[in-house]
Amino acid sequence: MAARVVDLRADTVTKPTEAMRAAMAAADVGDDVRDGDPTVRRFEAEMAALMGKEAALFVPSGTMANLVSVLTHCDVRGSEVILGDDSHIHLYENGGIATIGGVHPRPVRSNPDGTMDIDRIVAAIRSPDGVIYYPTTRLICLENTHVNSGGRCLSVEYTDKVGEIARSRGLKLHLDGARIFNASVALGVPVDRLVKAADSVSVCLSKGLGAPVGSVIVGSKAFIDKAKFLRKTLGGGMRQVGVLCAAAHVAVRDTVGKLADDHRRAKSLAEGLNKIEQFTVDSASVETNMVFFDIVDSRISSYKLCQILEKRNVLANPRSLKSVRVVLHYHISDSDVQYALTCFEKAVEELLMGDTESEHLADGATKNSYGY
Ligand SMILES: *Cc1c(COP(=O)(O)O)cnc(C)c1O
């Protein structure tokens, strides 16, 4: 058997459970583009109800979910969307809203907690006075949990406040809720309440929830009808896709209740990392399933550290030279967390020892002109 790997790079590495595979094998399917697939219809209705919206649409990825949502809201050329400068849509979705949708992004500074200041949002809304110069603001996007702030949650009060601003200015609010269930569990707020102010929400099924493929968009019936047309335009109309929705149904049914365990393990990993002298974690920032930690020793780089960890079958992601991201998910047990911590400690020892050795070498005859 292959050696056990503790993969802390992302929650996208989760593989479908036996129950998901069984549900996929047993799924009743049809042509979802032509007449609708019964398993898809059931799953979409279930997700709409769960999220407190009229309708839902299954799409292949979170990127397509966001793209379809933004383009559905901004179906007039010259539309502008206000979004965080550190948001997933702005940074990691190939600029699709601009290159495919012709939508102009108006980035607003993201705070370390994943919010944008309310007054900055308000200031970014284009005034009708400058109509000869300006694109037209049509949409505000929020992200909950916010991935680049380490999976921090936007509160229901904040989301409501932004929703209120959007409504009062005739704008729509889209919520990138790739990990909205993590936020709901961490905040103890029912997910339908948490997204109430949003006109549309995208939800990833293949991250912490563990489905093999897919995202859903939820919103009003009219919105989803338009979104469905766009999904087809973008090549996202799929045929016997009930096999995927069957797995997604099991993911939502079985995994949401386990997310709290991921969050507990993230806290315990953060505490353990904080005990290692060369690392520091802002424990307060660990709200869900991610831990971002900083390396405070000048001799250690994140890249070297992650390389050494990999040799011990622990995988983590460098974020920058001095910062590392680890993500918890349902394949990571309490003992995996303990094992990972031990490996982090050993890796630090190895790195510091290696450093003394190289210093030693540098003192004497170096091996080559580059000093190694
Ligand atoms: C992963 C992610 C997406 C995109 O999902 P893909 O399925 O990878 O395309 C969108 N938003 C956030 C916040 C994400 O973490």
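1. In this predicted model, Phe-279, Phe-293 and Phe-344 are linked into a cluster by ring pairs. The structure as a whole contains four aromatic pairs. A pair of aromatic rings is described by the distance of the centres and the angle of the planes.

2. Within the cluster, the rings of Phe-279 and Phe-293 make a tilted pair, with 4.6 Å from centre to centre and 50° between the planes. This pair links distant parts of the chain, since Phe-279 belongs to strand S9 (residues 279-280) and Phe-293 to strand S10 (residues 290-295), 14 residues apart. Phe-279 has a relative accessible area of 3% and is therefore buried. For Phe-293 the relative accessible area is 0%, so Phe-293 is buried.

3. How are the rings of Phe-293 and Phe-344 arranged? Their centres are 5.5 Å apart and their planes stand at 85°, so the pair is edge-to-face; an angle over 60 degrees is what places a pair in that class. Here too, distant parts of the chain are linked: Phe-293 is in strand S10 and Phe-344 in helix H14 (residues 334-363), 51 residues apart. Phe-344 is buried, as is Phe-293.

4. The structure has 20 salt bridges in total. Side chains of opposite charge can pair when their charged atoms come close. One of these salt bridges joins Asp-31 to Arg-239, with 3.2 Å between the closest N and O atoms. The two residues come from distant parts of the chain, 208 residues apart: Asp-31 lies in the loop between helix H1 (18-26) and helix H2 (38-51), and Arg-239 in the loop between helix H10 (221-233) and helix H11 (242-255). Asp-31 counts as buried because its relative accessibility is 16%, whereas Arg-239, at 40%, counts as partly exposed.

5. Another salt bridge joins the side chains of Asp-32 and Arg-231, at 3.8 Å from N to O. It also links distant parts of the chain, with Asp-32 in the loop between H1 and H2 and Arg-231 in helix H10, 199 residues apart. Both Asp-32 and Arg-231 are buried.

6. Asp-261 and Arg-264 form a salt bridge in which the closest N and O atoms are 3.8 Å apart. Why are these two residues separated by about one helical turn? They are three residues apart in helix H12 (residues 259-275), and the separation follows because of that spacing. Asp-261 has a relative accessible area of 32% and is therefore partly exposed; Arg-264, with 42%, is partly exposed. Salt bridges with shared partners join Asp-261, Arg-264, Arg-265 and Asp-334 into one network.

7. Is Arg-179 buried or exposed? Its relative accessibility is 7%, so Arg-179 counts as buried. This residue is located in the loop between strand S6 (172-176) and helix H8 (180-187). Apart from neighbours within four places in sequence, Arg-179 is in contact with Asp-11, Asn-144, Thr-145, Val-147, Lys-207, Asn-289 and Met-290.

8. At the surface, Val-131, Ile-132, Tyr-133 and Tyr-134 make a nonpolar patch of about 530 Å². Ile-132 is placed in the loop between helix H6 (118-124) and strand S5 (136-143). With a relative accessible area of 73%, Ile-132 is exposed. Tyr-134, one of the patch residues, has the charged end of Arg-126 over its ring, 4.8 Å from the ring centre.

Key. Residues numbered from 1 in each chain as written. Predicted model: local features only at pLDDT ≥ 70, side-chain atom pairs only at ≥ 80, totals over all residues. Heavy atoms only, no water. Patch = residues over 30% accessible without salt bridge, like charges linked within 9 Å, V, L, I, M, F, W, Y side chains within 5 Å. Areas by Shrake-Rupley, 256 points an atom, 1.4 Å probe, with all protein chains shown as cover. Salt bridge = Lys/Arg side-chain N within 4 Å of Asp/Glu carboxyl O. Helix = DSSP H or I, 4+ residues; strand = E, 2+ residues; numbered from the N terminus. Buried < 20%, exposed > 50% of the residue type's maximum accessible area, 1.4 Å probe, protein only. Phe/Tyr/Trp six-rings, centres within 6.5 Å; stacked < 30°, edge-to-face > 60°. Lys NZ or Arg CZ within 6 Å of the ring centre and 35° of its normal. Contact = heavy atoms within 4.5 Å.
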